[in-house]
Amino acid sequence: MVTYNTSQTEGGCEIGLVSRRTGTTAAVILIVTFLFVALAGASFLNVYLNILEFGDLFILPFYFSIIGGSILSFIALFRLDFSSRKSVTIWALRTLLVMLRGGFSPRILDFERFRLSLQTFTAWQVTKLLLGIFLFSNSIFGMSFLASLNGWDSGLNALPNILSLPFTPLSPGDTSGADAVLKAAPALILLLPPIFSALGVRLLLLVGLTNIVKVFTKALVSFGETGTITVKVSTLEFLASLGLAWTGFNLFFSTYIDYNTKVLIIACFVAAAILALYGYFDLRGVRFLNSIYLRAGLLVILALATASAVTVQNTIADAQKLEYKGPYVTQEIYVNRYLADLNIKVLQYNFSKMEVKASDVSSLLKSNKEILSRTRLWDWDAAFAKLRPEIGLIPYIDFEDSDILRFNGSLYWSASMKPVLPPTVTQADLWYNEHLVYTHIPQGFLMLDAHQGEVVDSSRFFSERRIYYGEGGPRSLFSATWAAVVEGKLTPDEIGGTVYSGKGGVKISPPLSWMYDVTFFLSYPDRTITLLRYRDVHERIQLLFPYFSYVFGQEYVDMFPVTDGVKTYWMMPLIVSLPTDKTPWSRGNNLVRFMGVALVDVYDGSVTLISVGKDFFTELFKRVYSEYVSTEIPRWLANQIRYPAELFKYQVQQFSRYHVQDPATFIQGRMFYEIPKGTDVYYVIARLPNLNDIEFIGILSLELQGARGLNLAGYAVVRNDYPHTGEMYFYKVPLESPTKLLGPSAALQALQRDPDFRTLSTLLASPRIGETIFYEVGDHPIYIIPVYTAREGEGVVTQIGTIAVVGAAFTGQYFVGLGNTVEKAFENYLLKVAGESAPPPTPVLTRQERVKKLKTLIAELGVDAEEAEKINANIVYKHSSLNYTTEQDFEKVKQMFQMLVESWKSYNAIMVHWVSGDSLYLGAIYQQAGVTVLRYVEVVVKG
């Protein structure tokens, strides 16, 4: 009985253990299933909401990706051999399962005997096809393929001409090879690369891997059954032959073709033929060249012959570069000028006579007042230092980007802002604040006059400043999360007490709202919700139009605000940048084009597309998106549109090399340019030498590459105002010109060596030299260089200490003019050119004299003339900090004092002043809610 009872107990334990294991397994399966369904459901819901919000604009790229992925997946992964019905994947899984169960036998490894049923084989091919759609998804290929079926000229009919290029003799000046490439460019760039990639995958997996597995598993089975290894060498030889043939075929579409390409192609195909012959002999059992040494020797002889031919041709080409390499260099230049769209008109830069009479200075100043009054004197660092205090202590706003804009012929810095979560928000309040409160930026932009340095009211230009769709970036709620508006809610949640009333976003009602976020089920189970998603404009446009480049040179493509007078939009440049891996003579340089712009409404997120391009990709895009693309630039946008700086800089970089169209000069590398270090694209208002009107242009200087001097080879400009948007000029300085054009580094050196500037800089408080920007003022090439009197981060409001005008035309003597205004600096520059002694910079008062002058001003404003020795206050506020170095600074200090004194009088405050260190302070003391408050302003009088 004991034994029986014990057995019964043990059995009961076993049953309980199995039961618990079964329950645990079921729970795990249930949890995994729930998570999978939840994730899949969330993805499907997001896709559904995208379709609701964006309609065809979301469906089209998705559709093109499926079409492109389906075609490429079929090419790469779909097996057509329904007779043998092999699958390496299923064979490997079956073999692994059998081995894990302990049923291994050598025959299990025999892949050659392995065959799937017709149903399983068909199902597996369909499964691979579906999976491959996502792996090979390519919206541009799908769009191009469908458009070519509907009559778009894809250049496929020109592809046969590409196959003859390596064998076509080219003469000097002959561009027939490049012409053939350009005719086939759409196919070479859009269609061939993905097809070649898919074919490569097919050859690697379905042909190469399959047959290698077949050979080596057969060898293992043979060893297991007979003790000898039998390798089917013919299969390996056929595979090597196929690989060499594929390599030779790809050489027809290499990124560079020269005199050696045909040798390499022939060598590849001859080697492929030899290996195929070896395979045939071995397969048929023909005993010919049966020695491995003879076979390997023949291939080695072919390799040595190929290397010898290449070496001999290279040796001859070293002595006859122009004859051998010149024709191919001509094709490279021609193709790359097309790829970079280098329609840059080269004009010779003509130096005017440097003679100026002192009597003409006044008239020159008057005739150039329009340009001088619009020069860009404030760089972004200085502008940011002035704009930063405008945010004040608002914890939910931060700066994100800066842009140079023009309105009514004047330049302005615009600082766009982003909503951020205040650090004081607790975890418990996180959801509420992220989604319902900090939904937008109430005031949108801060603006500063780029000439005068004064903060201007952005409402003068932008009527709509509430930004619900804006720039992302670190901490930005635009990119970090979505916003929601609960309809029918009586108390507004959004900052400022506003309620969103735009047409943007997507409305969802229960139960969709519950599925989107469970909080809606718990808190608003019966309310309709307006969801604002994809509020980061870069993310929004990339979702709808993935064909364009939104990151260029490792930086996000710059977008900026424009307005039609009522609505405000983000203008996003649509830049095409396509790889050219299968384009002969491309050197791998991308094809780039400016297709147009996308205007994104800052309030409702709606998108308007405007096309300005005339290339094959633009025509393709317009054909597919004909219902959404406009080719008309609105009148209000004509003077706000701007050519992308990123694209202009890239094109100038390509121009630096491919402006040389003479193959001999190109081979010698004597005339290549480079962008001077530290120089960027500057957008300014100026007058081009060959045009009469003042306009908004982008300018970028170029130096001769490798030159020891710091002189310019010329400068490139791009026009922005429509209909001239994108027109480019390069003003080339003749090498033989006795007058040189100073580069920015040389101009900066000339300024720093100027004795007047060296004297003045010792008196300026923390001087910082600003941007060195080239201008044509009248007939005078000059650099205008502002010098600021406070460094960023010192807590002092940045001001201009002086402005320098440095003559860019150099004949052995530098001319530098200094002044408190650009007009005065230009006048002093002209006087020096005329041989007159320009008046020295405005004398700077000593520190004691400036303090005395400030005290006099304080007395005139009715403040007690005696200094306060001790002040006791409960709360102290610092209003601002100013520099006082020049008379221009004094006027600004005077205006600030007058404004503050009037303001403080309303508090019935006691006004006091005191001096400490290098600063004078003016303050007001008053009672507020029983607390003593001190507010003051600091004036730095250092130096």
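Which side chains meet in a salt bridge at 2.6 Å, N to O? In this predicted model, the pair is aspartate 493 and lysine 489. Aspartate 493 counts as buried, at 17% relative accessibility, while lysine 489 is partly exposed, at 28%. Side chains of opposite charge can pair up like this when their charged atoms come close.

There are plenty of other pairs to look at: a search of the whole structure turns up 30 salt bridges. One of them ties glutamate 53 to arginine 533, with 3.1 Å between the closest N and O atoms. This pair links distant parts of the chain, 480 residues apart. Glutamate 53 sits in helix α1 (residues 2-54), and arginine 533 lies in the loop between β8 (529-532) and α21 (537-544). Glutamate 53 is buried, with a relative accessible area of 16%, and arginine 533 is buried too, at 3%. Arginine 465 also forms a salt bridge, with aspartate 457, and here the closest N and O atoms are 3.9 Å apart. Aspartate 457 is partly exposed, at 41% relative accessibility.

Now for a sheet. Four strands make up an open sheet with mixed pairing, in the order β28-β31-β30-β29. Strands β28 (875-883) and β29 (910-916) stand at the edges with a single partner strand each, so one side of each has no neighbour in the sheet. From one strand to the next, the twist averages 20°. Strands β29 and β30 (residues 919-928) run antiparallel and are joined by seven bridges, and isoleucine 910 stands opposite isoleucine 925 in β30. Helix α29 (residues 887-905) packs on the sheet, touching β28, β29, β30 and β31 (931-940). The direction of helix α29 makes about 155° with that of β28.

Note on methods: Residues numbered from 1 in each chain as written. Predicted model: local features only at pLDDT ≥ 70, side-chain atom pairs only at ≥ 80, totals over all residues. Heavy atoms only, no water. Pairing = 2+ DSSP bridges. Helix = DSSP H or I, 4+ residues; strand = E, 2+ residues; numbered from the N terminus. Axes fitted to C-alpha atoms, helices over the stretch in contact; angles between N-to-C directions. Contact = heavy atoms within 4.5 Å. Salt bridge = Lys/Arg side-chain N within 4 Å of Asp/Glu carboxyl O. Buried < 20%, exposed > 50% of the residue type's maximum accessible area, 1.4 Å probe, protein only.
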